[in-house]
Amino acid sequence: MKDLKHYLWWEGKRRLRTVRVFAVFWLAADLLLWALPQSACAWISRESSVLSLLLNGSMFLAGLALAWYPVFVAGASWFTPRRSLEQLTGVAVEKQILAGLLLNVPVVFLLYVQCRIGMGLMAKLAWDGVSFFQIALSWPDFWRQALWEQAFFMPSLYLFFYLLFGRRGWKLLAYVAALGSASLLEFLLTWEMALPAAWLPWVTLAAEALLCGLLISACGRIARRRGY
């Protein structure tokens, strides 16, 4: 457990250096919208569609970057010189992967909080029934679905395919394979299981949790067998 804590601290500092780029970009967009008076927002929304799209696009792109970050950061150090340092730590591969997944939690939480803030700020530009940057995700759904899938399930699924393919330049292909597998799993659970609608999210969560554990174990075996 002690070695896992040390690895969490070491990896956490590295994550903080990379995620701050997205955080600063989003904070700048927040401050800009917050500082704009309502009269200026009304003029922008009615008279300048370009500025409206630019502000909305900034919110969307920053959110998209943070949404993808937990997935792609899972494979960032593999097949790079930094991986040699991780191997020298003596921490088991499974623990390294688990530490990375745990560090995804604050990033995904930041994403959800910022989405709520962005919705409130972009409401200043709404007029005559036209609104921007809406996210239909309740707080219970966030904890039950979004946090788990973004922080744990999709990154572990992506990392499995990334290590299986064994090529540094195949990140996009690994993500497509992970996305397709996740969609297939959801389809099979929905189509094959005659369950009440209220049960389906919990059954999906249980199935993904089991699969996530198997994927972490499989990633460890692949890494040891191939010397990653």
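**Notebook: S156, the cores and the charged pairs**

I began with S156 and, leaving aside its neighbours within four places in sequence, found it in contact with L101, C212, L215 and C219. I note at the outset that this is a predicted model, and I read each entry below with that in mind.

I then looked up where S156 sits: the residue belongs to helix α6, and its relative accessible area is 2%, so I count S156 as buried. Its side chain reaches the backbone oxygen of F152 at 2.9 Å, and I also find the S156 side chain at 2.9 Å from the backbone oxygen of F153.

Next I turned to the nonpolar cores. The largest comprises 34 residues, and W78, M154, L157 and Y158 have the most contacts inside it. I checked which helices feed this core, and α5 (93-122), α6 (139-165), α7 (171-192) and α8 (200-226) each supply at least two of its residues; the greatest share comes from α6, with 13 residues. A second, separate core has 13 residues, among them C41, L55, M59 and L111.

I followed W78 further and, setting aside neighbours within four places in sequence, listed its contacts as R83, V93, L159, Y162, L163, A223 and Y228.

R83 led me to the charged pairs, of which the structure holds 6 that qualify as salt bridges. R83 pairs with E86, with the closest N and O atoms 2.7 Å apart; both residues lie in helix α4 (residues 82-88), 3 residues apart, about one turn of the helix, and both are buried.

In helix α1 I found a salt bridge between the side chains of E11 and R14, at 2.4 Å from N to O. These two are 3 residues apart in that helix, and are therefore separated by about one helical turn. E11 has 3% relative accessibility and so counts as buried, while R14, at 13%, is also below the 20% cut-off and therefore buried. I recorded that E11, R14, R15, R82, R83 and E86 are linked in a network of salt bridges.

I looked separately at E94, which forms a salt bridge with R224, the closest N and O atoms being 2.7 Å apart. This pair links distant parts of the chain, since E94 is in helix α5 and R224 in helix α8, 130 residues apart. With a relative accessible area of 23%, E94 is partly exposed.

My last entry concerns the surface, where W10, L85 and L88 make a nonpolar patch of about 330 Å². W10 lies in helix α1 (residues 2-35), and I count W10 as partly exposed because its relative accessibility is 30%.

Definitions and conventions:
Residues numbered from 1 in each chain as written. Predicted model: local features only at pLDDT ≥ 70, side-chain atom pairs only at ≥ 80, totals over all residues. Heavy atoms only, no water. Core = buried A, V, L, I, M, F, W, Y, C linked by side-chain atoms within 4.5 Å. Buried < 20%, exposed > 50% of the residue type's maximum accessible area, 1.4 Å probe, protein only. Helix = DSSP H or I, 4+ residues; strand = E, 2+ residues; numbered from the N terminus. Contact = heavy atoms within 4.5 Å. Polar contact = N/O pair within 3.5 Å; in protein donor to acceptor, adjacent residues only side chain to side chain. Patch = residues over 30% accessible without salt bridge, like charges linked within 9 Å, V, L, I, M, F, W, Y side chains within 5 Å. Areas by Shrake-Rupley, 256 points an atom, 1.4 Å probe, with all protein chains shown as cover. Salt bridge = Lys/Arg side-chain N within 4 Å of Asp/Glu carboxyl O.
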